[in-house]
Amino acid sequence: MPRSVPVARAVAVLLVLALAACDGEVRRGVAGAAGVRDPYFPKAGNGGYDVTHYGLTVGYDPEARRLSGEAEITARAERDLSAFNLDLKGMDVESVEVAGEAARFSRGGGQEGQELTVRPRDDLDEGAVFTAVVRYSGSPETITDPDGSEEGWLRTADGALGLGEPTGSMAWFPGNHHPSDKATYDITVTVPEGLRAVSNGELRSEVTKRGRTSFAWHVGEPMASYVATVAVGEYEVRRSKGEGVPPVYTAVDPSQVKESRSVLARIPEVMKWAELNFGPYPFSSVGAIVEREDDAGYALETQNRPVFPGAPSVELLVHELAHQWYGNSVTPKTWRDMWLNEGFATYAEWLWAEDHGGDSAQDVFDALYRDAYYDTREASDAVWAFPPAKPPSAARISDSPVYQRGGMVLHKIRQSVGDDTFYDIVQGWAAAHRHGNADTADFTAYVEKKAPGVDFSGIWKDWLYGDGKPDRP
Ligand code: TRP
Ligand code: ZN
């Protein structure tokens, strides 16, 4: 039908012209959602845009407990937007600009009050890259999690510490605070001269002017906001560059220097072992921040530079460094996929012990399976309380089924495929989703693809998703 071609083309041209004429009059952006429907933290994150970079410039005065900040957020609109939300808890917002123009804004989000709604002067077009600048200040809050632990902004003996798992980063900067939206960062922190500010990534500059020192940190690889950190205080800093390991930067509270020295000296050794087991390290630098024991209730795998309250054991160091591959580079799509973080980091501890003259992973597995199976004390019963891929509530996402039973899922896979394929899977998984996000379904599909002859359905059913204890050992 040769004639129909020019006709179709003419109709198409008219349609395009008609649509173009309507643009800006008929078509209206909609407001982005106030959450990304996380099954455990429904208000976390926001719909309609994707952040590519955070430029955070904050000043903190520990004596006044006052933080003032400017967050320059570069993002891409995923649809036409008339408004969008950022997550920020507490703090006073002084101004918001979008694309260089003052934007209206309001605070809300009910009891939790974590929503900052921004209405740009002009709608944002789908696909447009825009910059939002938020100026804010106040005394950042400590947030109590559903499980009772404390995160957000913690005051330490000599300064402060920002911890963000799962939602604490909204205490010190506005952002799209959900693990599904990763971005690069520049974090510049200004503190009174004499103190230091330590963050993620690499230290680009350190400048003292009129009694205040600014530390500029650069994170060039994608980072989820829950592993962003700032630590302010007095620290003994050590830098080292060794053959075949990323540059190491450690910052240790003066009271912890002696106790931490020997374990932190093992970072290069742990990194070499980890690269052998998990594949190439996904980031440009590594290290640790050691605070005092009372400064935080737990260790956290903050990107590049995990935080420890007091000198860690080598197993805890291994755990938090393993998270750099599993958690920080391969990041869960939602908080339901936590076992992909904690099961792997726990299994890394078992592998470390196995490779260093301790119990084998099989021994640990057997002890948990056999002994804990028949042991009805609360502590061992807890392992079977729920399946790792289905925590019953937000308060339980860091309970032992996510850690130990998660590790046991990995051991069941290893038993079924043998060591060669198992290490292929562990390394291939880190490579396939490097700097990305993945969920449990992605993982089971990946394992099945790597071992096509093996039937994993029993493992998924009994160990990953099933309620109650698996069959008797
Ligand atoms: N991810 C930390 C670790 O295993 C533990 C942790 C701290 C955590 N806060 C959390 C786990 C909140 C889940 C939710 O080293
Ligand atoms: Zn962990």
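These notebook entries follow my look at one sheet and two helices in a predicted model.

**Sheet.** I began with the strand order and found an open sheet of four strands, arranged S1-S4-S8-S7, in which the pairing is mixed. The edges are formed by strand S1 (30–31) and strand S7 (104–108), each of which pairs on one side only. I then followed S7 to its partner, strand S8 (residues 115–119), and noted that the two run antiparallel and are joined by five bridges. Within S8, Thr 117 is the residue that stands opposite Ser 106.

**Helix H4.** I next took helix H4 (residues 314–325), whose 12 residues reach 17 Å from the first C-alpha to the last, which is close to the 16 Å expected at 1.5 Å a residue. When I looked up its burial, I found H4 mostly covered, with 10 of its 12 residues buried; among them are Val 314, Leu 317, Leu 321 and Trp 325, and also His 319, Glu 320, His 323 and Gln 324. Just after H4, I noted that Gly 327 takes a positive phi of about 135°.

**Helix H6.** For helix H6 (residues 361–374) I compared spans: its 14 residues should cover 20 Å at 1.5 Å a residue, and because its end C-alpha atoms are 20 Å apart, the two values agree. The buried residues that I listed in H6 are Ala 361, Val 364, Phe 365, Leu 368, Tyr 369, Ala 372 and Tyr 373. I then asked what covers the buried residues of H6, and the cover includes helix H5 (338–355), helix H7 (378–381), helix H8 (400–432) and helix H10 (457–465).

Terms used
Residues are numbered from 1 along each chain as its sequence is written. Chains are lettered from A and ligands numbered from 1 in the order in which they are written. This is a predicted model: local features need pLDDT of at least 70, side-chain atom pairs count only at pLDDT 80 or more; totals for chains, interfaces and linings use all residues. Side-chain values use heavy atoms; hydrogens and water are left out. Two strands pair if DSSP finds at least two bridges between them. The expected span of a helix is 1.5 Å times one less than its number of residues. Buried means under 20% relative accessible area, exposed over 50%, partly exposed in between (1.4 Å probe, protein chains only). Contact means heavy atoms within 4.5 Å.
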